[in-house]
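Work through the exercises below with the model open in your viewer. Try each task before you read its solution.

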Amino acid sequence: MRPWLLLPSKLAHDISPYLLNAYSRFKSLDHYTWEPFEWKGLQFSNRLGIAGGVDKNGENVEAWWTLGAGFVEVGTVTPQPQEPNPGKIMDRHVSAEALWNKMGFPSKGCQVARSHLKALYQPHFSPVFVNVGKNRNTPNEEAAKDYIYLIDHLHEYADAFVINVSSPNTKGLRDLLKPAQFKAFLSPVIEANQAKSPVRPILLKISPDMEQSDLLSIIDTSYELGIDGWILTNTTSGPRNGLPFPDEGGVSGRPLSRLSKQVLKWTIEHLGDRREGKLIVSCGGAMSSEDVFFRLQLGADLVQAYTALVYRGPFFFRQVAKAAESTRIFR
Ligand SMILES: Cc1cc2nc3c(=O)[nH]c(=O)nc-3n(C[C@H](O)[C@H](O)[C@H](O)COP(=O)(O)O)c2cc1C
């Protein structure tokens with residue numbers, strides 16, 4: 001029984017934070033420990049976390065801790081507050097277990113996210129990644145300044161940063177991933193982060209829609225610049241394969257699963273020994289415990305979910321933890 005699927009997707013999306021918060025008030029924080037993992041001093045009690053976009057302003061981190069998330073990604077946070085894109089911004093296709101969105105980084109802005117992050121229980125119950133993005137009015141030539149501003153203002157409260165240049169919903173954003181722009185954009189962002197104390201790990205979130213050669217060139221360039229890892233992947237703006245979604249925007253959930261695993265395989269094979277010490281997070285259509293485990297077997301360190309929380313519900317973390325307990329691989 002998934003009563004929230006009877007509501008329009010935007011309404012269900014808008015009321016779920018209130019329900020989550022109410023639920024978490026009656027329950028203590030809960031660790032679901034399976035395959036615990038340590039990376040750069042961060043302790044993950046399990047390998048499954050929430051993806052960017054679920055908690056855009058860091059308002060429900062404790063609720064996600066209560067529900068057993070192995071880590072939480074807050075954001076995308078933009079420097080200044082901004083509204084979502086105009087018109088319809090999300091939809092779902094239940095039988096395909098797919099979501100479509102063209103939200104465009106609705107954000108209460110850096111100061112609000114900062115105050116929520118500052119108020120969190122310390123030390124963090126499980127790691128909190130902060131996903132950062134530029135305001136839609138900032139031209140690409142000045143985009144690095146937005147990311148540096150966010151790192152400056154949030155680094156005290158983030159366990160790691162995620163650089164988001166892979167959303168299809170901010171016009172021109174993915175152009176920053178083109179070889180001609182990428183290095184000039186990322187280099188000052190990584191330098192600014194390295195000048196901070198303490199230096200936070202910094203990850204790059206990748207689009208699933210790049211040609212293999214472009215993807216591998218982005219992996220190489222970001223590796224050479226000192227990136228600490230990759231989140232593979234964002235939503236797809238590729239062919240809709242019969243799903244009745246608009247051409248603009250991005251699709252997530254089951255239809256993205258194959259593409260996201262392909263990007264994971266290509267990246268791991270390409271990195272070879274160079275992946276030592278780097279964090280690889282698989283995201284995109286992980287809809288079942290088996291699929292979460294499969295990505296770990298392919299070599300991902302961590303897995304994230306957004307759409308599974310809509311189709312499986314907020315107890316997805318518990319379901320996966322139970323399956324991990326009874327699965328030989330994770331005993
Ligand atoms: C409604 C919605 C909003 C999203 N917002 C963001 C966002 O703000 N930042 C981001 O990096 N990814 C965002 N994403 C992408 C997810 O983080 C994730 O990469 C994508 O949905 C694939 O994972 P999934 O198939 O488990 O949903 C959003 C996805 C959805 C469905």
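The exercises cover strands, helix packing and salt bridges in this predicted model.

**Exercise 1. The barrel**

Task: Find in which order the eight strands close into a barrel, and state how they pair.

Solution:
- Step 1. Trace the barrel: the order is β3-β4-β7-β8-β9-β10-β12-β13.
- Step 2. Read the pairing: it is parallel.
- Step 3. Check the turn. Neighbouring strands of this sheet are turned by 25 degrees against each other on average, direction ignored.
- Step 4. Take one pair in detail. β7 covers residues 128-132 and β8 residues 160-164, and four bridges join them in the parallel sense.
- Step 5. Locate a bridge: V130 has F161 in β8 as its partner.

**Exercise 2. Helices across the strands**

Task: Determine which strands α6 and α7 lie across, and at what angles they run.

Solution:
- Step 1. Start with α6, residues 212-225. This helix lies across β9 (202-206) and β10 (229-232).
- Step 2. Take the angle to β9: about 170 degrees.
- Step 3. Move to α7, which lies across β10 and β12 (279-283).
- Step 4. Take the angle to β12: about 165 degrees.

**Exercise 3. The open sheet**

Task: Identify the edge strands of the open sheet.

Solution:
- Step 1. List the strands in order. Three of them form the sheet, β5-β6-β11, with antiparallel pairing.
- Step 2. Look for strands that pair on one side only. These are β5 (90-93) and β11 (250-253), the edges.
- Step 3. Add the twist, which averages 25 degrees from one strand to the next.
- Step 4. Inspect the pairing of β5 with β6 (residues 98-101): it is antiparallel and has four bridges.
- Step 5. Fix the register with one pair: H93 stands opposite A98 in β6.

**Exercise 4. Packing of α4 and α5**

Task: Classify the packing of α4 against α5 and give the residue classes at the contact.

Solution:
- Step 1. Fit the axes. Those of α4 (residues 143-154) and α5 (residues 179-194) come within 9 Å and cross at roughly 20 degrees.
- Step 2. Apply the cut-off. Angles under 35 degrees count as roughly parallel, so α4 is roughly parallel to α5.
- Step 3. Assign the hand: the crossing of α4 and α5 is right-handed.
- Step 4. Collect the contacts. From α4 come A143, A144, Y147, I148 and I151; from α5 come F185, P188, V189, A192 and N193.
- Step 5. Sort them: nine are nonpolar, one is polar and none is charged.

**Exercise 5. Packing of α7 and α8**

Task: Repeat the analysis for α7 and α8.

Solution:
- Step 1. Take the geometry. α7 (residues 257-271) and α8 (residues 289-298) pack at about 20 degrees, with axes 10 Å apart.
- Step 2. Classify: α7 and α8 are therefore roughly parallel to each other.
- Step 3. Assign the hand: their crossing is right-handed.
- Step 4. Collect the contacts. α7 supplies S257, S260, K261, L264, K265 and I268, while α8 supplies D291, F294, R295 and L298.
- Step 5. Sort them: four nonpolar, two polar and four charged.

**Exercise 6. A salt bridge**

Task: Explain which parts the pair of E59 and K108 ties together.

Solution:
- Step 1. Count the salt bridges: the structure holds 15.
- Step 2. Select E59 and K108. Their side chains meet in a salt bridge at 2.5 Å, N to O.
- Step 3. Place both residues. E59 is in the loop between β3 (48-55) and α2 (61-66), and K108 is in the loop between β6 and α3 (110-118).
- Step 4. Conclude: the pair therefore ties together parts that are 49 residues apart in sequence.

How values were computed: Residues are numbered from 1 along each chain as its sequence is written. This is a predicted model: local features need pLDDT of at least 70, side-chain atom pairs count only at pLDDT 80 or more; totals for chains, interfaces and linings use all residues. Side-chain values use heavy atoms; hydrogens and water are left out. Axes are lines fitted to C-alpha atoms, for helices over the stretch in contact, and angles run from 0 to 180 degrees between N-to-C directions. Helices (H or I, at least four residues) and strands (E, at least two) are DSSP runs, numbered from the N terminus. Angles under 35 degrees count as roughly parallel, over 145 as roughly antiparallel, 65 to 115 as roughly perpendicular and the rest as oblique. A crossing is left-handed if the near helix is turned anticlockwise from the far one by less than a right angle, and right-handed if clockwise. Contact means heavy atoms within 4.5 Å. Ala, Val, Leu, Ile, Met, Phe, Trp, Tyr, Cys and Pro count as nonpolar, Asp, Glu, Lys and Arg as charged, and the others, Gly among them, as polar. Two strands pair if DSSP finds at least two bridges between them. A salt bridge is a side-chain nitrogen of Lys or Arg within 4 Å of a carboxyl oxygen of Asp or Glu.
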